[in-house]
Amino acid sequence: FQVVHAHKPHFMALHCQEFGGKNYEASMSHVDKFVKELLSSDAMKDYNRARVYLDENYKSQEHFTALGSFYFLHESLKNIYQFDFKAKKYKKVTGKEIYSDTLESTPMLEKEKFPQDYFPECKWSRKGFIRTRWCITDCAFDLVNIHLFHDASNLIAWETSPSVYSGIRHKALGYVLDRIIDQRFEKVSYFVFGDFNFRLDAKAVVETLCAKATMQTIRAADTNEVVKLIFRESDNDRKVMLQLEKKLFDYFNQDVFRDNNGTALLEFDRELSVFKDRLYELDISFPPSYPYSEDSSQGRQYMNTRCPAWCDRILMSHSAKELILKSENDEKIVIYDHIGPNVCMGDHKPVFLSFRIAAGAGKPIANVHKCCVVQ
């Protein structure tokens, strides 16, 4: 609410992952209360139209993504249209509507879960995407809520550069990008945001952070499998710099991830480079967004489970980049930042992008004025 009050957006898209939390069977009941509070709160009273899409159907392993997409329209905005993917028409947005459980039957969005064999352990994950399409001031664009695969083991991520998990994320993101620009619908600008689970190149990071350390390998007695790596300073006191296990990344100095927003480590953030011809991102000027402590008194503290990384991002097509940087009077008010730097907001720190679109800005792009043909 503080961020909404500070930026006063006319159109607001809020994308959430892992709705109901990790114990969604027990916690999904809290979601409805959260949504009702959000829609009825005093802070949102000037948003007289809303669309809420919640994937709460956790009993369907084949379809459940735990994604939630919220869209709020300020009362001052006129003539906002949303695309019906089934009818292939734009429809004027009025009132407030909530959709949950069976999003598969909702024509106002496209939802997909990644194929089971995309994940190396070949078990159902909750990873996938939801796409909606909007037309505002004659400007049409897609908003895609995405959740990509995580790193299952620090030890496996450390083995190769880039890691095996990085390759899986590339495959899934490529699948989404191909899907949203295929031949079924007219091409428009798009924004893709959510938890990409992009990680720093673990091998390169460890080799840099522990350049002057010696490594000790600890194996399981029964299987001889590597279960722990200990990096110690080479001098006399042999101080432990880093301990690495499947779900442990315990580096002795967390300040390296926070100082100057961790920008010294941005050179190891390489996963997006594969998509540079298809995706654009504004410069990152906030610290790694994951994994923060879930202790409510430790808003700035990272957990020692993973190497901190910029998992949460807002990316866009190159035509969308032109859209947000082409504004009236060259007034470029574009802000890309994180939310609640000192507040516990779960293990991920949310990020946001705030920008202005000039009326008619989309007209030179792909004839999107066709969106004026509405039902």
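This report walks through one enclosed strand, one four-stranded sheet, one helix and the cavities of the structure. The model is predicted.

**The enclosed strand**

Start with β9, residues 139-147. Nine of its nine residues are buried, so the strand is largely enclosed by the rest of the structure. The side chains point two ways. C139, F141, L143, N145 and H147 point one way, and A140, D142, V144 and I146 point the other. In a regular strand the side chains alternate between the two faces of the sheet. Residues pointing either way from β9 are buried.

β9 has two partners described here. Strand β8 (residues 128-136) pairs with β9 in the antiparallel sense, over nine bridges. Across that pairing, F129 stands opposite I146 in β9. The hairpin of β8 and β9 has two residues between the strands. In this hairpin T137 takes a positive phi near 45°. Strand β10 (residues 189-195) is joined to β9 by seven bridges, and these two strands run parallel. Here V144 stands opposite V192 in β10.

**The four-stranded sheet**

Further along the chain comes another sheet. It is open, with four strands in the order β11-β12-β13-β14 and antiparallel pairing. β11 and β14 are the edge strands, each pairing on one side only. From one strand to the next, the twist averages 15°.

Strand β11 covers residues 213-219 and pairs with β12 over seven bridges. T217 stands opposite L229 in β12. The hairpin of β11 and β12 has six residues between the strands, and N224 takes a positive phi near 65°.

β12 also pairs with β13. Four bridges join them, and they run antiparallel. F231 stands opposite L242 in β13. I230 stands opposite Q243 in β13. β12 and β13 form a hairpin with six residues between them. R238, in that turn, has a positive phi of about 55°.

**Helix α6**

What does helix α6 pack against? First, its buried residues. The helix spans residues 202-209, and A204, V205, V206 and L209 are buried. An α-helix has 3.6 residues a turn, so residues three or four places apart point the same way. The buried residues of α6 pack against three strands of the sheet above: β12 (226-233), β13 (240-245) and β14 (248-251). They also pack against the helices α4 (154-159) and α7 (255-258).

**Cavities**

How many cavities of 30 Å³ or more are there? The count comes to two. Rolling a probe the size of a water molecule over the atoms shows where empty space is left. The table sets out their volumes and linings.

| Cavity | Volume | Lining residues by type |
|---|---|---|
| Largest | about 120 Å³ | nine nonpolar, one polar, three charged |
| Second largest | about 40 Å³ | six nonpolar, two polar, one charged |

The largest cavity is lined by 13 residues. D151, N154, A157, A202 and C307 lie nearest its centre. The elements that give two or more residues to this lining are α4 and α6. Which element gives the largest share of the lining? That is α4, with three residues. Helix α4 is also one of the elements that the buried residues of α6 pack against.

The second largest cavity has its own set of lining residues. Among them are the aromatic residues F249, Y251, F257 and Y302. Q254, M303, N304, R306 and P308 line this cavity too.

Definitions and conventions
Residues numbered from 1 in each chain as written. Predicted model: local features only at pLDDT ≥ 70, side-chain atom pairs only at ≥ 80, totals over all residues. Heavy atoms only, no water. Buried < 20%, exposed > 50% of the residue type's maximum accessible area, 1.4 Å probe, protein only. Contact = heavy atoms within 4.5 Å. Pairing = 2+ DSSP bridges. Axes fitted to C-alpha atoms, helices over the stretch in contact; angles between N-to-C directions. 1 Å grid on protein atoms, 1.4 Å probe; cavity = no way out; pocket = protein on both sides within 12 Å on 5 of 7 lines; lining within 4 Å. Points joined across faces, edges and corners; volume = space filled by probe spheres on them. Nonpolar A, V, L, I, M, F, W, Y, C, P; charged D, E, K, R; others polar.
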